[in-house]
Amino acid sequence: MKMRVKLYGTLSERFPGYQHAQGMEIEIPDGATAKELLALLGISESQGAVVIAEGRVLKADDQMRCGVPVSVLQSIGGG
Amino acid sequence: MKLIRVNMSEKTIRVEDVPQDYVGLGGRGLTSIMINAEVPPKCDPLGPENKLIFAPGFLSGTPLPNTSRISVGAKSPLTGGIKESNAGGTVAAALGRLGITAVIVEGQAPAGELYFLRIDEKGNASLIPAQEYKGMRTYQFVGKILESYGKRTSVLCIGPAGEARLAAASIQSSDADGHPFRAAGRGGLGAVMGAKGLKALIVDQRGRSPDPLADPDTFKEAAKAVTKIVKADHMNAEVMPKLGTAGLVAPVNSMGAFPSFNARKGVLDGWEKICGETMAELIQKRGGNPTHRGCDQCIIHCSNVFVDKEGKYVTSSLEYETIWAMGGMTGIADLDTIARLDNLCDDIGVDTMSTGVAIAVAMDAGYRQFGDAEAAIEMVEEIGQGTEFGRILGSGPAAVGRHFNHPRVPVVKGQSIAAYDPRAMLGHGVTFATSPMGADHTAGNVVGAYLQGMLDPLNPQGQMETSRFLQIAMAAFDTMGQCFMASVALLSPEGFEAFGKVIGAKLGTQLGPGDFPEGMGIRVLKAEREFNRKAGFTKQDDRLPRFFYEEPLPPHNTVFVISDGELDSTFDF
């Protein structure tokens, strides 16, 4: 399925030409999990990436839902 | 290891050895334990019985990076309770290099008199009349002081708001470039300084008499281990240098917990215009500096220099909490306006958080429209001008709420909440309600636990325990002078162990299990809570304002659901 993804923190650096306003559209297998999405995007665990959809932080095994855009961010401990 | 006691009534300066009870303490631990021991809890915060204590962290001035945090403590005119407000910059390391454990300001100069306290490179302190600087804003003041005493001078000072003894007045701290933009903003300690008749504390940075390290070799090794952990953390290695704390705008809005329009919504319309990613891009494009070193001995560089369209300096550093208070709460999704407001607050010497929330309360009460940038700037200017409304605004959100008879005032113990709505991040509600400091953004910040998936922000389970753990840990780190960012990276058994070794190597003793952070943090919190109890605080003061329990916050449409009983068990020790 096609999915709209927005990247935050420093995560967009690996995607030349990425525009914040639009985000990007990617193709993922139906039922792909948050963990699989990160792997597909080539984001390593050490970057502290977090997938958020509909205001909730997804667990590694939570599945992506068709038509629901996600944000991929990096965890921050406060400020 | 010496204490410098300055009596503003008698204009005397006394140097004392540090009593045995205080050995191993610095920063927040020292200010809070001393205030609890020496300040009458029911005293007038702006009277001669209150004491204003400046204490570098226990590790400030040592070679350990990220330790240039100064704690300022007193009874707060904003909360009526004990207060520690800490700031970065250069002054903590400067005091540490002189072996000065604390500067304690007592008494009160006669009305109308103004002084600054200067500590030279030998550590000698003198009070110098400062009449010519009366009413001066902080940027101009620091410029003049650096002209007189040289660039290697650290300055902690107040602006017109502190001199006017306004309850949201800050104490501004000069950075590595000599700009007074770091702030001990919370709790109105600038007003205490103004009431003492003290315009500034000025410290020569060239001191070479730090307290000796008991075991320098072990210290070096232990410091290396701590630095390795801090550097390995993605937040400190990647996010902070690129985006600074503004990197939080995206996650907190994405989680629906960014209090907006005076906490009527959890997502700000147009938040992407003011997020860290947009800010960094704009700064880069205009020729500012998105990766700035604001504090002495910093290896993280979370600061930035924000410039206007012409590339001219506007402010430094634009931080998450300021962007929220001046942008989210007021509905002003414009970085140029927020930067201007930040600069004004630093220059006048008021807390950006309390002031932004105070503006939002005024807007919510119908005084001006949400989103009116010009009105917000005019309002803050009024604080500097000392108009009647400016004095109300500079006294914080609760004063504004009383003025307009408006009930939606997001404060606890008189101090505004921070940039995390307690209805969508329940653990923050626990910290806001129970911290002896009043609502606070560093005392027990839970957002990391949510983002790391350790805790569901909307499920009451585990919120109190997480807040308790973090409040204890941060009270201990604040005692050491360690910056918040580095401390967050050390919140693990390995981090605590490595950090404990650094403390032990300075002290010459080995810390036992449970000494750090638990033992130290609990000792500090107990002193703070004891002071507040004696000042008249009860369980009822450990509550959030009613509307957080009653008004659902969009988009999750949830309210604060942690019970009073659970709040009261936070400090069951």
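**Strand pairing, chain contact and I377(B)**

Me: Which residue stands opposite K2(A) in β2(A)?
Reply: This is a predicted model, in which local features need pLDDT of at least 70 and side-chain atom pairs count only at pLDDT 80 or more, while totals for chains, interfaces and linings use all residues. Residues are numbered from 1 along each chain as its sequence is written, with chains lettered from A and ligands numbered from 1 in the order in which they are written. Strand β1 (residues 2-7) of chain A runs antiparallel to β2(A), the two being joined over four bridges. The residue opposite K2(A) in β2(A) is E27(A).

Me: Which are the edge strands of the chain A sheet?
Reply: Five strands (DSSP E runs of at least two residues) make an open, mixed sheet in the order β2-β1-β5-β3-β4 of chain A. Each edge strand pairs (at least two DSSP bridges) on one side only, and these strands are β2 (24-27) and β4 (56-57) of chain A.

Me: Which strand gives the most to the side of chain A that touches chain B?
Reply: The contact (C-beta atoms, placed from the backbone, within 7 Å) takes 20 residues from chain A and 33 residues from chain B. On the chain A side, β3 (49-53) and β5 (70-74) each supply at least two residues. With three residues, the strand that gives the most is β5(A).

Me: Is I377(B) buried or exposed?
Reply: I377(B) lies in helix α13 (residues 373-385; a DSSP H or I run of at least four) of chain B. Beyond its neighbours within four places in sequence, I377(B) is in contact with R340(B) and L341(B). Because 16 other C-beta atoms lie within 10 Å (buried: 20 or more; exposed: 12 or fewer), I377(B) is partly exposed.

Note on methods
Contact = placed C-beta atoms within 7 Å.
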